[in-house]
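Biologist: I would like a close look at a single part of this protein. Please start from one residue and work outwards.

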Amino acid sequence: MTNPLLTNPLLTGHGLPPFAEILPEHVEPAIEQLLQTVNAELTELEKNFTPTWTGLIEPADLLGEKLTWAWGIIGHLMGVKNSPELRTAYENSQPAVVQFFMRMGQSQALYQGLKDLRAGADWANMTKAQQRIIEAGIRDAELSGVGLTGEQGARFNAIQLELAELGNLFSNNVLDATKDFNLDLTDPNDVAGLPPSLLAQAAQASRAGGQEAATPENGPWRITLDYPSYVPFMEHSKQRHLREKVYKAFVGRAASGEKDNCGNIERILTLKREMAQILGFGSFAEMSLASKMAPNVAAVENLLESLRKVSLPAATQERQELQAFAQSQDATVTELMPWDAAFWAERLREQKYDFNDEELRPYFPLEQVLSGLFGLADKLFGIAVTAADGQAPIWHPDVRYFQVKKDGEPIAFFYLDPYSRPGEKRGGAWMDDCIGRAKYTNIEGVRLPVAYLVCNQTPPVDGKPSLMSFSEVETLFHEFGHGLQHMLTTVDYAGCSGIRNVEWDAVELPSQFMENWCYHRSTLLSMGKHYETGEPLPDHYYDKLVAAKNFMSGSAMLRQIHFSWVDIALHHEYVAGAGRTANDLRLDIAKTTTVVLPIPEDRFLCSFGHIFAGGYSAGYYSYKWAEVLSADAFAAFEDAGLDDPKAVEATGRRFRDTVLALGGSEPPAVVFESFRGREPEPTALLRHSGLLAS
């Protein structure tokens, strides 16, 4: 009888994941086998290392990668190809995986080795990148509880295990709650105002749900809480009662029944606070900031307050204008409700700027957008991106694969999974590390990086290509920016190549920087071509897009400040069980960070996966912190002259060779100054947002 472990694809341990061969039943035996191996290797390393780079750092890196390769693939599939079978296998394997990484992070022997390395004779001869990796290793070991013993150590580890389980449960509840809601419409009056693209998508969703005869013209139509359905429905549906129903379902996701995350939130916050206190921090926020660019909680609050003071008056004025406009168009709107805001904002924008998002979709087919994006990357960074479909295993037929070349030589690759699949794929968009760049002393050659770029944009419908909304175009540019930092790194040390070892509140710099180019005339016109006629995007649309760029920008900024403040407060001052809930705290903060208080049904925290199931706990402010950096970085191109090709190229190469190349090898402030020639300034962000005079 054949040993199943011999043919288990998750035991390959290196290279591109063999997605076509991986089944849920491979997960548990592979992880069990890998854990036996890496635990034995860790024991051996602890006994027989020497405190040198090749005697400690490289063996420790290679040891961990055998497991992270397989576990990374499984985690990726949980996000893009979720299933009950995979969930069960993941949940059964997760505790042992967490325990191994706790053991490695808390290894007294390796920790002492790192400190000996720092204190040794070799230290002065090491590169700054090597020194930074070692310093980060010492810090991370201390934050992992390396100094804990006895009951404290046992409790700390129990907390980590429970938090891993709760984060997974939180995420699954949101995915399931999103998937559970369907609004099936049969009356043509109920779809009044919906654009053809949404009608086609809703009919396709209805067919997928069993209504095989559904058509865009005659229905039935299925509206879901997936973004490509939810957002255009809220913007265009003329039926106020249906908007209300869909809105309440969206903001109430995972807040009741079997999928209720309310209890999970309280438990997560309690455990994080206890964990931080065991390590001697006053709060989890203080613990989180120990490894970030922001020096302390006060610095975060100062940034948020400076932006709040500017954005709150602007948002208040925008709200008053929107209320007056809605009442001028419809006398029955005595009070603007949350489910009215997107609808009337879209009508006001149409009136002010004489266009809407739907008019632009035919000019942004995915292939043309990619062509424009890759052309920009070539112009700025001197890289050639070409399709490499068929050269790598994929997890879904819609997934693309691309090669990146510089000076004619391959330097990186990436997957693109562009479309929404609400049945199996979690919402949002993200970039992840498939393979990181690395070079090891005793292994020939440099291992090239491979990135996952995942979006949830409008899928192809009825034989038409994916016709993107402008916000979906911006999202693609954003994720590609993350990918660029992963792929264009020139650092060969695994511990700080690409996005590794980049402080979390600086990691959004390249992604937000790339979004600015969506409003650059030649870039926009290069990717805006009609999918049927090839007609270029008319100039007047570019002018309108730029004019409308800062429409409701005060409200948009205030929304991010609200989320950021809620996050930092929950992780710094909130104590569960002390007389108020996490939602109560959110409502208190809303009094100064929103123009209209959330309705009782709004339980947004229950689906706030960024901070309860992702990496943004006490770090959501990072979007704004990094946006100061990204806006100022783009201002360097404005200063050089956006219409001067040579100046753009020279500045782009400098950005490539600093922000994108150096990864986590130097502190973000040093990297930024090496590009900009000075410390970052916030004025560009306010100017780009229309909240400061040009």
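Is Ala 377 buried or exposed?

Modeller: Ala 377 counts as buried, because its relative accessibility is 0%. Bear in mind that this is a predicted model. Ala 377 has its place in helix α15. Leaving aside residues up to four places away in sequence, Ala 377 touches Gly 382, Ile 383 and Phe 480. By contrast, the C-alpha atoms of Ala 377 and Gly 64 are separated by 33 Å, and the two residues are 313 apart along the chain.

Now the core. The largest nonpolar core has 76 residues. Helix α15, residues 366–381, gives this core its largest share, nine residues. Phe 480, the contact of Ala 377, is among the core residues that touch the most other members. Phe 364, Phe 381, Phe 414, Phe 477, Met 514 and Trp 517 are also in that group.

Take Phe 364 from that group. Not counting residues up to four places away in sequence, Phe 364 has contacts that include Val 369, Leu 467, Met 468 and Phe 470. Val 473, Leu 524, Met 527 and Leu 537 are also among the contacts of Phe 364. So are Ser 466, Gly 528 and Lys 529. A second core, separate from the largest one, has 60 residues and includes Leu 163, Ala 285, Trp 565 and Ala 618.

Next, the rings. Phe 381 and Trp 517 belong to one aromatic cluster with Phe 513, Phe 634, Phe 637, Phe 655 and Phe 675. The structure as a whole holds 47 aromatic pairs. In the pair Phe 634 and Phe 637, the ring centres are 6.4 Å apart and the planes meet at 25°, so this pair is stacked. The cut-off for stacking is under 30 degrees between planes. Both residues are in helix α23, residues 622–640. Phe 634 and Phe 637 are separated by about one helical turn, because they are three residues apart in that helix. Phe 634 is buried, and Phe 637 is too.

Then the sheet. Ile 383 touches Ala 377, and strand β3 covers 383–387. Five strands make up an open sheet, ordered β3-β4-β5-β7-β6, with mixed pairing. β3 and β6 (430–435) stand at the edges. Each has a single partner strand, so one side of each has no neighbour in the sheet. On average, neighbouring strands in this sheet are turned by 25° against each other, direction ignored. Inside the sheet, β5 (residues 409–419) and β7 (residues 450–457) run parallel and are joined by six bridges. Tyr 415 stands opposite Tyr 452 in β7.

Two other buried residues can be set beside Ala 377. Ala 136, in helix α5 (residues 128–143), is buried at a relative accessible area of 8%. The C-alpha atoms of Ala 136 and Asn 501 are 7.7 Å apart, with their positions 365 residues apart along the chain. His 236 is in helix α8, residues 227–236. His 236 is buried too, at 5% relative accessible area. Beyond residues up to four places away in sequence, His 236 touches residues including Phe 343, Glu 346, Arg 347, Glu 350 and Glu 358.

Last, charges over rings. The charged end of Arg 253 sits over the ring of Phe 250, 4.0 Å from the ring centre. Lys 272 lies over the face of Phe 284, 5.2 Å from the ring centre.

Technical notes
Residues are numbered from 1 along each chain as its sequence is written. This is a predicted model: local features need pLDDT of at least 70, side-chain atom pairs count only at pLDDT 80 or more; totals for chains, interfaces and linings use all residues. Side-chain values use heavy atoms; hydrogens and water are left out. Rings of Phe, Tyr and Trp (its six-membered ring) pair if their centres lie within 6.5 Å; planes under 30 degrees apart count as stacked, over 60 as edge-to-face and the rest as tilted. Helices (H or I, at least four residues) and strands (E, at least two) are DSSP runs, numbered from the N terminus. Buried means under 20% relative accessible area, exposed over 50%, partly exposed in between (1.4 Å probe, protein chains only). A charge sits over a ring if NZ of Lys or CZ of Arg is within 6 Å of the ring centre and within 35 degrees of the ring normal. Contact means heavy atoms within 4.5 Å. A nonpolar core is a set of buried Ala, Val, Leu, Ile, Met, Phe, Trp, Tyr and Cys residues joined through side-chain atoms within 4.5 Å. Two strands pair if DSSP finds at least two bridges between them. Axes are lines fitted to C-alpha atoms, for helices over the stretch in contact, and angles run from 0 to 180 degrees between N-to-C directions.
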